[in-house]
Amino acid sequence: LHGTIDCVANLQRRHPSCVKNFDDIESITTEHGKAAFEHSGWIALPDKSLTTTSARMSVQYAAAAQLVDGQVLMAQFSVDKLYRPLLRELMAKIVPTHNTELDSVEGQGLNWRTNMTVKFRGGKELRESVKAPRGIEPTVSNEDIVNKWRRLVDGVLNLEKQEKIEECVLGLDKLADVRELSRLLAGKVKSII
């Protein structure tokens, strides 16, 4: 899923006008190694409901959510987001495939690679490939981790608690008692699913 999301995000940055016009997209083909394909390359039936779990395991859903929302975080898997007609229309255009060439080269990391081809009306095609999902290649920086944390807890934790947890974790090496962090992590959070 992560490589698929990265491919779409890269295309959104480089070709924003192309990938915003959803009606012009004829098809999106993704290529994966065996493990990634078997994990999330199944085809969602258009007349069957998705659950939050099945959506989390679907290349089709992840790509469509990234196209529409510009991100794939917890909120994208809430029940009210799963049944959007636009997402289901886009999912029907997305075809995950198993590319056996991505299975075969041991030690070169090809099994992490995701290739994507987006075909548009009129014959235009965009291609994108990521060697591995962000976090594996390139590795994430501390700033990336903090930004991801903030995006993940947005709407779930109030800002004061979020900042206290962040401050505590970033200063973990100076923390006198780890129970302080445990107390901050306890308690209720807002549900977004």
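Select V8, L11, V19, I25, I28, L67, M116 and V118 to begin: these residues line the largest cavity. The model on display is a predicted one. Helix α1 and strands β1 (25-32) and β3 (114-120) are the elements that each give two or more residues to this lining. The volume of the largest cavity is about 40 Å³, and the count of cavities of 30 Å³ or more comes to one. Colouring the selection by residue class will show eight nonpolar residues, with no polar and no charged residue in the lining.

**The whole chain**

Zoom out next to view the complete protein. A cartoon representation will display 11 helices and four strands. Taken along the principal axes, the box filled by the C-alpha atoms is roughly 60 × 40 × 30 Å. The protein has 193 residues, and 38% of them are buried. With the surface switched on, the accessible area comes to about 11,600 Å², and carbon and sulfur atoms account for 53% of that area. Among the contacts with a separation of 6 or more, 63% are between residues 24 or more positions apart.

**The largest pocket**

Now select H2, I5, V72, K148 and R151. These are the residues closest to the centre of the largest pocket, which has 26 lining residues. The space in this pocket is about 680 Å³. To see the secondary structure around the largest pocket, highlight α1 (2-14) and α9 (142-153), the elements that give two or more residues to its lining. Helix α1 provides the largest share, with seven residues. Coloured by class, the lining of the largest pocket divides into 11 nonpolar, eight polar and seven charged residues.

**The second largest pocket**

Move to L1, H2, A36, W112 and P133, the residues closest to the centre of the second largest pocket among the 15 that line it. This pocket holds about 280 Å³ of space. Helices α1 and α3 (34-40) each contribute at least two residues to the lining. The classes here are six nonpolar, seven polar and two charged residues. H2 deserves a label in both views, as it is listed among the residues closest to the centre of the largest pocket and among those closest to the centre of the second largest pocket.

**Salt bridges**

Six salt bridges are present in the structure. Three of the pairs may be visited in turn, with side chains shown as sticks.

Start with E128 and R14, whose side chains form a salt bridge with an N to O distance of 1.9 Å. E128 lies in strand β4 (residues 125-130) and R14 in helix α1, so that the pair, 114 residues apart, links distant parts of the chain. Is E128 buried or exposed? E128 counts as buried because its relative accessibility is 9%, and the cut-off for buried is under 20%.

Continue to R127 and E125, a salt bridge in which the closest N and O atoms are 2.9 Å apart. R127 has a relative accessibility of 59% and therefore counts as exposed, the cut-off being over 50%. E125, at 35%, counts as partly exposed.

The third pair to select is R179 and D177. The closest N and O atoms of this salt bridge are 2.8 Å apart. R179 is exposed, with a relative accessible area of 53%, whereas D177 is partly exposed at 28%.

**The loop residue Y83**

End the tour at Y83. Where is Y83 found? Y83 is in the loop between α6 (79-82) and α7 (85-93). With a relative accessibility of 42%, Y83 counts as partly exposed. Which residues is Y83 in contact with, leaving aside its neighbours within four places in sequence? Select S49 and L50 to display these contacts. A final distance can be drawn between the C-alpha atoms of Y83 and R56: the two residues are 27 residues apart in sequence and 14 Å apart in space.

Terms used. Residues numbered from 1 in each chain as written. Predicted model: local features only at pLDDT ≥ 70, side-chain atom pairs only at ≥ 80, totals over all residues. Heavy atoms only, no water. 1 Å grid on protein atoms, 1.4 Å probe; cavity = no way out; pocket = protein on both sides within 12 Å on 5 of 7 lines; lining within 4 Å. Points joined across faces, edges and corners; volume = space filled by probe spheres on them. Nonpolar A, V, L, I, M, F, W, Y, C, P; charged D, E, K, R; others polar. Buried < 20%, exposed > 50% of the residue type's maximum accessible area, 1.4 Å probe, protein only. Contact = heavy atoms within 4.5 Å. Areas by Shrake-Rupley, 256 points an atom, 1.4 Å probe, with all protein chains shown as cover. Salt bridge = Lys/Arg side-chain N within 4 Å of Asp/Glu carboxyl O.
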